[in-house]
Amino acid sequence: MAWGCALCLALAGGALLALLVQLLRWLRADGDLTLLWAERWGKKPEHELRGKVVWVTGASSGIGEELAYQLAKLGALLAISARREDELQRVKKKCLQISSLSESDILVLRLDLTDRSSHEAATNSVLKHFGKIDVLVNNGGRSQRSLFVDTNLDVYNAIIELNYLGTISLTKYVLNHMIQRKKGKIVTVSSVMGIMGAPLATGYCASKHALQGFFNSLRTELTDYPEISIIQICPGPVQSQIIQNVFTENLAKSIENSGDQSHKMPTDRCARLTLVSVANDVKEAWISDHPYLAVCYLWQYAPTWAWWLMNRMGKKRIQNFKSGIVSVQRVPLSPCLLLALCCCSPLLWECWDCTAPQPH
């Protein structure tokens, strides 16, 4: 009897210790725990992506540019696309400087995602140059900073045309090639805004939710091709030039003050976790610091709490916007408070969120 009680206590203590370790990891996390497990114990991009043909759109700046640099160092063969060919040439030059790739290992291909009639020819150009496409990284797109009541509807049309329709159009042509080969990876840089809702980004959120729904559905249509992976990357705030190129209330207006970005995740860290996701076929990766990572978990497990929290965060964000502060600001909510909410949320599912989605 005594030995049985001691064993039960030991097992309970071990379980509590394991839970505590996971909670401490979560407090320090800059990605979902599945992704961080893959980073530590899973396949390494250095082994999985060397020699692969990777086509990156939106490669002239931000996350796409950093992905090009890291892929070049890994020894991947690159097709880099964006509207600004001069910037692509700059990125290619640096890729050659920091890697052992040759001139022919990097293809610069100007591409406008909104010109859907050009996507088939662009795909054929990459295939003609490299003979195959192993990985497509859908990274092109623009964000938004404007209130819905002030925004012209043609802005929403432009957002959907670029972020959603342009992305799935290019995917269609590349996927045809991957189906013929019966293997490949389609990686789409979505956003945490594709998981939750946020003020000042109604059109952007809508386009990212559309991408999430599309690619989650597409994955179910490809079960006959187990070696074709659909991977969705959901970054939070990242240091990049995305703020300088956002949609506003009308198509002719641009943002004058991009604000301080020092508190955001470094671009190289976001790119590294993206490549870890690609190497390990992580279906959906959340890449963000707290409190936005915590909000993703809340949105998944306890939507009612998430709505309350986003209303609190959103009110401050709108106040900053009206004061001329456009960049996302650090929210004065401690991870401990968010942890308490997440720990308590399972107790509230039956009372508050009977239809909460399955855990990530």
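Here's a quick briefing on the chain overall, a greasy patch on its surface and one buried glutamine. Keep in mind that this is a predicted model. The protein chain runs to 360 residues, with 53% of them buried, and has 12 helices along with 7 strands.

**The whole chain**
- The accessible surface adds up to about 17,400 Å², and carbon and sulfur atoms account for 56% of that area.
- Take the contacts in the chain with a separation of 6 or more, and 76% of them link residues 24 or more positions apart.

**The nonpolar patch**
- Four residues, Leu17, Leu20, Val21 and Leu24, make a nonpolar patch of about 360 Å² on the surface.
- One of them, Leu17, sits in helix 1, which covers residues 2-27.
- Leu17 counts as exposed because its relative accessibility is 52%, and the cut-off for exposed is over 50%.

**Gln232, a buried polar residue**
- You'll find Gln232 in strand 6, spanning residues 228-235.
- With just 1% relative accessibility, Gln232 is classed as buried, since buried means under 20%.
- The Gln232 side chain makes a polar contact with the side chain of Gln212 at 3.0 Å, and another with the side chain of Arg219 at 3.2 Å.
- Leaving aside residues up to four places away in sequence, Gln232 also touches Thr188, Leu211, Phe215 and Asn216, among others.
- Further along the sequence, the residues that Gln232 touches include Val282, Lys283, Glu284 and Ala285.

Note on methods:
Residues are numbered from 1 along each chain as its sequence is written. This is a predicted model: local features need pLDDT of at least 70, side-chain atom pairs count only at pLDDT 80 or more; totals for chains, interfaces and linings use all residues. Side-chain values use heavy atoms; hydrogens and water are left out. Patches are made of residues with over 30% relative accessible area and no salt bridge: like charges are joined within 9 Å, nonpolar side chains (Val, Leu, Ile, Met, Phe, Trp, Tyr) within 5 Å. Accessible areas come from the Shrake-Rupley method with a 1.4 Å probe; for residues, only the protein chains shown count as cover. A salt bridge is a side-chain nitrogen of Lys or Arg within 4 Å of a carboxyl oxygen of Asp or Glu. Helices (H or I, at least four residues) and strands (E, at least two) are DSSP runs, numbered from the N terminus. Buried means under 20% relative accessible area, exposed over 50%, partly exposed in between (1.4 Å probe, protein chains only). A polar contact is a pair of N or O atoms within 3.5 Å; within protein, one must be able to donate a hydrogen and the other to accept it, and residues adjacent in sequence count only if both atoms are side-chain atoms. Contact means heavy atoms within 4.5 Å.
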